[in-house]
Number of protein chains: 2
Amino acid sequence: MKAEIISVGTELLLGQITNTNAQIISRELQKIGVDVYYHTSVGDNRERLMEVFHTAWNRSEAVILTGGLGPTQDDLTKETISEYLNLPLVLDESSLARIREFFEKRGREMPDNNLKQALLPEGSIAIPNDKGTAPGVLLEWDGRIVVMLPGPPFEMEPMLKAYVIPYISKKSSGVIFSRVLKFYGIGESTLEEKIKDLIESQTNPTIAPLAKMGEVTLRITAKACSIKEAMDMIAPVELKITERVGEYLYAYDDEKVEEIVARLLLRLNKTIAIAESCTGGLVSHKLTEVPGISKSLDRAIVSYSNRAKEELLFVKRETLEKYGAVSEQTALEMADGVRRSSETDLGLSITGIAGPEGGTAAKPVGLVYIAYSDASDCIVERHLFSGNRSEIKERAANAALHLLRKSLLK
Amino acid sequence: MKAEIISVGTELLLGQITNTNAQIISRELQKIGVDVYYHTSVGDNRERLMEVFHTAWNRSEAVILTGGLGPTQDDLTKETISEYLNLPLVLDESSLARIREFFEKRGREMPDNNLKQALLPEGSIAIPNDKGTAPGVLLEWDGRIVVMLPGPPFEMEPMLKAYVIPYISKKSSGVIFSRVLKFYGIGESTLEEKIKDLIESQTNPTIAPLAKMGEVTLRITAKACSIKEAMDMIAPVELKITERVGEYLYAYDDEKVEEIVARLLLRLNKTIAIAESCTGGLVSHKLTEVPGISKSLDRAIVSYSNRAKEELLFVKRETLEKYGAVSEQTALEMADGVRRSSETDLGLSITGIAGPEGGTAAKPVGLVYIAYSDASDCIVERHLFSGNRSEIKERAANAALHLLRKSLLK
């Protein structure tokens, strides 16, 4: 089945929000073997939305729209699509009841302008919205499927997964299945050179490289009748790749380094404490995105000031004075100090200069030291990252998590 | 000038990456008065890219493409567009020299497949890439502009800002200028009810509401000959809005609550220490995204374990035993404890249940206490947030920053 996604909202075209909906929907559709060939974003404008929908309706078997279902004046997705398909909008009593209930629960009167959210194109199925007031729309018409979902991702995503994907999955035949290999510590060009012959000789599955900040991924994609068959086609290709560049491989699919680290910590039953300076809590934030990490993570200390480094991490004043807060020695004492004072098995530390101020010729912006400490070993790494403050924090946090991962695997 | 953006890359259609490029480019084009009417994403496929480019070329005066400039087999943007415009690809010596230099600096040999990155459509201007190997392309042809930029945002963005925007800005007449008002503590429907008559009666400037997680924004957009004129048109509309709902207004444009808080802290010359539990370092991470905050932020303590709460924050064992780690009393003692032990002016704390495990009937997932403490006052707030672990962390961190903001404004 061929599908495409239309995101409606002038705020997208003005660059005020990122279009995460198209990504979420694509990922889910791909899993059930639906080919997504186009994403389009268009403003809150009747004519342009109609033009874009016309193109989509004539080349795709399923069109998923998001946005423009709100209570306000400029929300016109349902109105425009109904007009194009020549279907009247009719009141859906169960949707109206849900909207009233939404406001009652919050002890508020339903404003009049929310009424229009309960109007749906004739013949459509209402998709309940547990997080907001706009119901979704699922409609089969003229041998094709049109779906309308609200714009806010936290409303859209549960509706997509609970209703839309199971519905479309029944209509779809065959699967597209991808396996993504994630590498750390090797450049895109070098990686591709090493497996160029494989890329060129493959048609199904295909191999596609992709560079992200500080990592490189390879996507192996197979088309087959079943996921089992696709996986069987992917396995020998994956094996050939790992034979050549397996030493840099660290994860599969959308698994993040913090998830791998968390799993290793929990499996090895290791407790950890973290001391952060330039990353400002980002390592701890990433790690605490993983459910269950409280069994392993005892604490994190963001020691922004030198005083905090001395008081909480027992970094020696002489070390700070002689080598500075951004140094190999301080990083090591931070990792060691946080481990000892927390009485955890492991300590991890990061100290550096995120900028834009504070750099010198000897210690430029982007210089970061990362240290790992356990009862029998300690390791320190020196990095020089490029980018702005936010990028340097991100790269440093990832490097710290990778150091921890490598140490846990030893 | 009418423009549109085409993002090239199968990884977008598979949902493997978010399309942040379209957002960044839109935002920059809007500032110089260029109307962006469409975003399109298409895969690494010659025919579909050609079809999409054909549509764009016939309805827009400028087409900006990103992606597909890499060294690999499936990078075919330059090849496809050159073919469509009937222009040969020719070697650009200066680009080749830059690519060689890129590898030399890193002590590596240039792989052969990077050679094709130096081939540009005849008559085009090469845009230097300081962060990677793919030069960009700027081409005027048949009275229109076509721009091709690499896909990785950290390469694309500097090239866009340094070369593309100044170039297009010279060709563009008139401006579209937006002012965004950001509100906290009021729902989208309620806000819109209060200013419905203003929204309906306005055509230039227009007023458009938008809900994001935990906040609501209003965008006032004017079209005019100059930014000055647009600002003069926006000012009276903004005044009418703030007369009615000004008490909920907290920021303008893309300013984040952490930026406002950081500015207030620095202006009032206040030092702060933070104690986080369920947010796991996210409040500290957000605050340390702001340059210069090291003057105010002394430390943050992520006290995940009860032991850390006792040892580092001096929360009483009786409090933890009697009321639990997630309670008003513990939140207050954490805020007070971190302030006293750090000898800072202010303390801020967050404790709650981010889930998915750990909730009970009395203390469900999403329950969060936030506390503020200074020498003369302390405040605690109770929240019950919806969403998954990551959303609850995000909402709790924002609520904490808003509590701090309100306290600093008293």
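**Helix α7 of chain B**

I began with α7(B), where I looked up which residues are hidden from solvent, and I noted Ser189(B), Leu191(B), Glu192(B), Ile195(B), Leu198(B) and Ile199(B) as buried. I remind myself here that this is a predicted model. Next I asked what those buried residues pack against. On the chain B side I listed β9 (175-183), β10 (206-212), β11 (215-224) and α8 (227-245), and from chain A I added α5 (93-105).

I then checked the length of the helix, which runs over residues 188-201 of chain B: at 1.5 Å a residue its 14 residues should span 20 Å, and the end C-alpha atoms lie 19 Å apart, which agrees. I also recorded a kink of about 70° in α7(B), centred on Ile195(B), and Ile195(B) is one of the buried residues I had already written down.

**Chain A as a whole**

I turned to chain A and counted 14 helices and 17 strands, and I found that its C-alpha atoms fill a box of roughly 80 × 60 × 40 Å along the principal axes. Of its 410 residues, 58% count as buried. Looking at contacts between residues at least 6 apart in sequence, I noted that 67% of them join residues at least 24 apart.

For the surface I wrote down an exposed area of about 16400 Å², of which carbon and sulfur atoms supply 50%. I looked up the charges as well: chain A has 50 positive and 58 negative ones, and the mean positions of the two sets are 4 Å apart.

**Helix α9 of chain A**

In α9(A), residues 257-267, I listed the buried residues as Val257(A), Glu258(A), Ile260(A), Val261(A), Ala262(A), Leu264(A) and Leu265(A). Their packing partners, which belong to chain A, are β12 (249-252), β13 (272-276), α10 (282-287), β15 (346-352) and α14 (389-409). Just after this helix I came upon Asn269(A), which takes a positive phi of about 60°.

**Helix α13 of chain B**

I repeated the length check on α13(B), residues 328-342: its 15 residues should span 21 Å at 1.5 Å a residue, and with the end C-alpha atoms 21 Å apart the two values agree. The buried residues I found there include Thr330(B), Ala331(B), Met334(B), Val338(B) and Ser342(B), and among them are also the charged-type entries Glu333(B) and Arg339(B). Just after the helix, Glu343(B) takes a positive phi of about 55°.

**Two single residues**

Is Leu149(B) buried or exposed? I found a relative accessible area of 0%, under the 20% cut-off, so Leu149(B) is buried. Leu149(B) sits in strand β8 (residues 144-149) of chain B, and its contacts beyond four places in sequence include Ile64(B), Leu65(B), Ile127(B), Met156(B), Leu160(B) and Val164(B). I also noted that its C-alpha atom is 9.8 Å from that of Asn21(B), although 128 residues separate the two along the chain.

In chain A I looked up Pro150(A), which lies in the loop between β8 (144-149) and α6 (153-171). At 2% relative accessibility Pro150(A) counts as buried. Where the chain brings in a distant partner, I noted Thr66(A), 84 residues away in sequence but with its C-alpha atom 5.4 Å from that of Pro150(A). Thr66(A) is also one of the residues that Pro150(A) touches, and others among them are Asn21(A), Gly67(A), Asn129(A), Ala134(A) and Met159(A).

Methods: Residues are numbered from 1 along each chain as its sequence is written. Chains are lettered from A and ligands numbered from 1 in the order in which they are written. This is a predicted model: local features need pLDDT of at least 70, side-chain atom pairs count only at pLDDT 80 or more; totals for chains, interfaces and linings use all residues. Side-chain values use heavy atoms; hydrogens and water are left out. Helices (H or I, at least four residues) and strands (E, at least two) are DSSP runs, numbered from the N terminus. The expected span of a helix is 1.5 Å times one less than its number of residues. The bend at a residue is the angle between axes fitted to the seven residues ending there and the seven starting there. Buried means under 20% relative accessible area, exposed over 50%, partly exposed in between (1.4 Å probe, protein chains only). Contact means heavy atoms within 4.5 Å. Accessible areas come from the Shrake-Rupley method with a 1.4 Å probe; for residues, only the protein chains shown count as cover. The place of a charge is taken as NZ of Lys, CZ of Arg, CG of Asp or CD of Glu.
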